[in-house]
Amino acid sequence: MAAGGGRVADPLSPAGVPCAFSPLNQAYFALASADGQLRVWETANNRLHQEYVPSAHLSGTCTCLAWAPARLQAKESPQRKKRKSEAIGTSNQIDLLALGTAVGSILLYSTVKGELHSKLISGGHDNKVNCIQWHQDNGCLYSCSDDKYIVEWNTQTCKVKCKWKGDNSSVSSLCISPDGKMLLSAGRTIKLWVLETKEIYRHFTGHATPVSSLTFTTIRPPNESQPFDGITGLYFLSGAVHDRLLNVWQVRSENKEKNAVMSFTVTDEPVYIDLALSENKEEPVKLAVVCRDGEVHLFEHILNGYCKKPLTSNCTIQIATPGKGKKSTPKPIPILAAGFCSDKMSLLLVYGNWFQPIIERVALSSKEPHMCLIRDISNCWAPKVETAITKVRTPVMNSEAKVLVPGVPGHHAAIKPAPPQTEEVESKRKLGENEVSIEERLGALDIDTKKEKVDLPQTNSFPVLLTQGLESNDFEMLNKVLQTRNLNLIKRTVLRMPLHAVIPLLQELTKRLQGHPNSAVLMVQWLKCVLTVHASYLSTLPDLVPQLGTLYQLMESRVKTFQKLSHLHGKLILLITQVTASEKTKEMTCPAQKAKLVYEEESSEEESDDEIAEKDSDDNWDEDEEENESEKDEDVDEENEEEEEDAEEKDEENGEDRDVASEKELNGDSDLDPENESEEE
């Protein structure tokens, strides 16, 4: 089962290209390359079996493919000649290969005839087909698309049997249950449908990104003592875009548990997934996962309930070139797909490139945790042309047909006129003639001999480089443009870029925003300029919401924790400022100061006596009161005695004055008589 299927321009499309092994014995390997061509390879001898080029392979490239199931591959009996309708239902489905396209149509290709069998178009999808699944019993075909719908097709009449809405967003993956009565669909969430009534049976949480692969891992439930209804107790596996975890879910009778039971961890995004089903509870599930980095991870685990920690791989397989010499280093060879053979003890590996892949059968060893295969593929890059390729059909080209060349619309490279031919040079050189120097030959070829310095591209070439990089998905060219930090240069580039490149640029920026934080800082500047400059154009697009839904969800998830972080930031700032202030106060030394003037109040001793008296115990309180009263009485008595003594002294003085006055009166002296005074003088 291929996890790939979309174009790389979409940041949320699965990695890799659509490919699949034929059922039963994996005799053929079908591959839909990026140019829209279908190639079928023989796995036994690594030969090209068939090649098919659809008429609309440039506009409607293949996004997914699926072989007809093995149960429908019943050979036509030689006893009687069947009718055409019966032949379609049996013999022609031996080799039928369903191809989903980017424009919404589905092609049924026959590998026996080497031509297109039929088309499924009317009443189907309006957008890119994401996944195709064959029903193992009745020959029906189920497909899902970006238009949010799931379609059930009748392959005999090439008409739609049923069409219903599968999700609020695009439906990215499908899988049919082992008994053929249930259907799993996945977009943002995973839903289990009853095929007869088209009603939802169970909901599962799903992944943060679109689910790229769905498959059942068990045929029978782990508890075989209970009655089996065909679905309860089964496990299924799901993988998502840009997700390094493969989740395992269990269909349970109660509808309470919606989370994954366990998960498998890998090193990169899954590109191709294949597994060997577990037929009973004692047999482990064998899983082969091909990652985007070109490695294969093998898992072997018995599914028996909940597991908290993610499970790591039991074995990892890598392929590298031999390092010839001291200077040359081994280079890794990417593995494109991997599938278990019928004996479950060997693995079919497809590695190399998509144009000329190499298919090899490798025996598995349970003891080795890591396997590195050394292969020399230097002689395998050239395509093989053999006489065995007899059914390769090339489309008949009409004389009025136009050939589409990829490139920027309206941009044409300057064609340099050929230099005028002067004289014909003799092919054979005579002996003794002077040979032409290398400088003259280079001058005749009109090639500049001066080496130009490799500088950054100029400002006026940035829009052209950006558009070309978006259309060709050239990582280095996009890095040259998007890694600039000059804001004025970014604004001028966004102003001069064509309008048809705005949405691909936003999708590329969304993809890079999910990467390293350092690159996200630069991408935010580009995103701000694009949204401000081309806001009027974006508002006119009818499908803007689904195209920018990923960007909105990414921004919402990033901003969701901003309020909590700001609260935490404020609290940390307060704590840090208090700690620094306390440290500064500890470090500061108080200067020694001497007082110039000290003033003491007179009542300080009395107050201190009163304070000391107040601190006495309650036991001595009565004694203190008695003493104070006695002291007060003594003071009062002393004051009364002093007053009496003063009064006595005053009385004595008054008596003396009276005696003196009486004596003067007796002597006839009077102080009030002035005449007596004059007489005495």
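The questions and answers below go through some features of this predicted model.

User: Which residues does the UniProt annotation "repeat: WD" cover?

Analyst: In this predicted model, the stretch can be described by its secondary structure, since the chain there is 0% helix and 47% strand. The C-alpha atoms at the two ends of the stretch are 11 Å apart. The annotation itself comes from an unreviewed UniProt entry, and the residues covered are 122–157.

User: How many residues apart in sequence are the parts that the pair of Phe21 and Tyr272 ties together?

Analyst: A pair of aromatic rings is described by the distance of the centres and the angle of the planes. For Phe21 and Tyr272 the centres are 6.3 Å apart and the planes make an angle of 85°, which is edge-to-face. Phe21 belongs to strand S1 (residues 19–21) and Tyr272 to strand S21 (residues 270–276), so the pair ties together parts whose separation in sequence is 251 residues.

User: Is Tyr272 buried or exposed?

Analyst: A residue counts as buried when its relative accessible area is under 20%. Its partner in the aromatic pair, Phe21, has a relative accessible area of 11% and is buried. For Tyr272 the relative accessibility is 2%, and therefore Tyr272 counts as buried.

User: Which residues form one aromatic cluster with Trp249?

Analyst: A search of the whole structure finds nine aromatic pairs. Apart from such pairs, the model also has a cluster of aromatic residues that includes Trp249. The other members of this cluster are Phe204, Phe216 and Phe236.

User: What is the distance from the charged end of Arg202 to the centre of the ring of Tyr201?

Analyst: A ring can also have a charge sitting over it, as with Tyr149, where the charged end of Lys163 lies 5.0 Å from the ring centre. The charged end of Arg202 likewise sits over the ring of Tyr201, and here the distance to the centre is 4.4 Å.

User: Within what arc do the buried residues of H4 fall, seen down the axis?

Analyst: Helix H4 (residues 475–482) has the buried residues Met477, Leu478, Val481 and Leu482. An α-helix has 3.6 residues a turn, so residues three or four places apart point the same way. On the other side of H4, Phe475, Glu476 and Lys480 are exposed. The buried residues line one face of the helix, because seen down the axis of H4 they fall within an arc of 120°.

User: Which residue at the start of H4 has a side-chain oxygen that reaches the backbone nitrogen of Glu476?

Analyst: Glu476 is one of the exposed residues of H4. The oxygen reaches to within 3.3 Å of the backbone nitrogen of Glu476, and the side chain that supplies this oxygen is that of Asp474.

User: Is Gln250 buried or exposed?

Analyst: Gln250 lies in strand S19 (residues 245–250), and its side chain is joined to that of Tyr235 by a polar contact of 3.5 Å. Another polar contact, of 3.3 Å, joins the side chains of Gln250 and Arg252. With a relative accessibility of 14%, Gln250 counts as buried.

User: What distance separates the C-alpha atoms of Asn280 and Pro221?

Analyst: Asn280 lies in the loop between S21 and strand S22 (285–291), and Asn280 is partly exposed, with a relative accessible area of 34%. Asn280 and Pro221 are 59 residues apart along the chain, and their C-alpha atoms are separated by 7.6 Å.

Key
Residues numbered from 1 in each chain as written. Predicted model: local features only at pLDDT ≥ 70, side-chain atom pairs only at ≥ 80, totals over all residues. Heavy atoms only, no water. UniProt positions renumbered as here; feature names shortened; annotations may be inferred. Helix = DSSP H or I, 4+ residues; strand = E, 2+ residues; numbered from the N terminus. Phe/Tyr/Trp six-rings, centres within 6.5 Å; stacked < 30°, edge-to-face > 60°. Buried < 20%, exposed > 50% of the residue type's maximum accessible area, 1.4 Å probe, protein only. Lys NZ or Arg CZ within 6 Å of the ring centre and 35° of its normal. Arc of directions from axis to C-beta. Polar contact = N/O pair within 3.5 Å; in protein donor to acceptor, adjacent residues only side chain to side chain.
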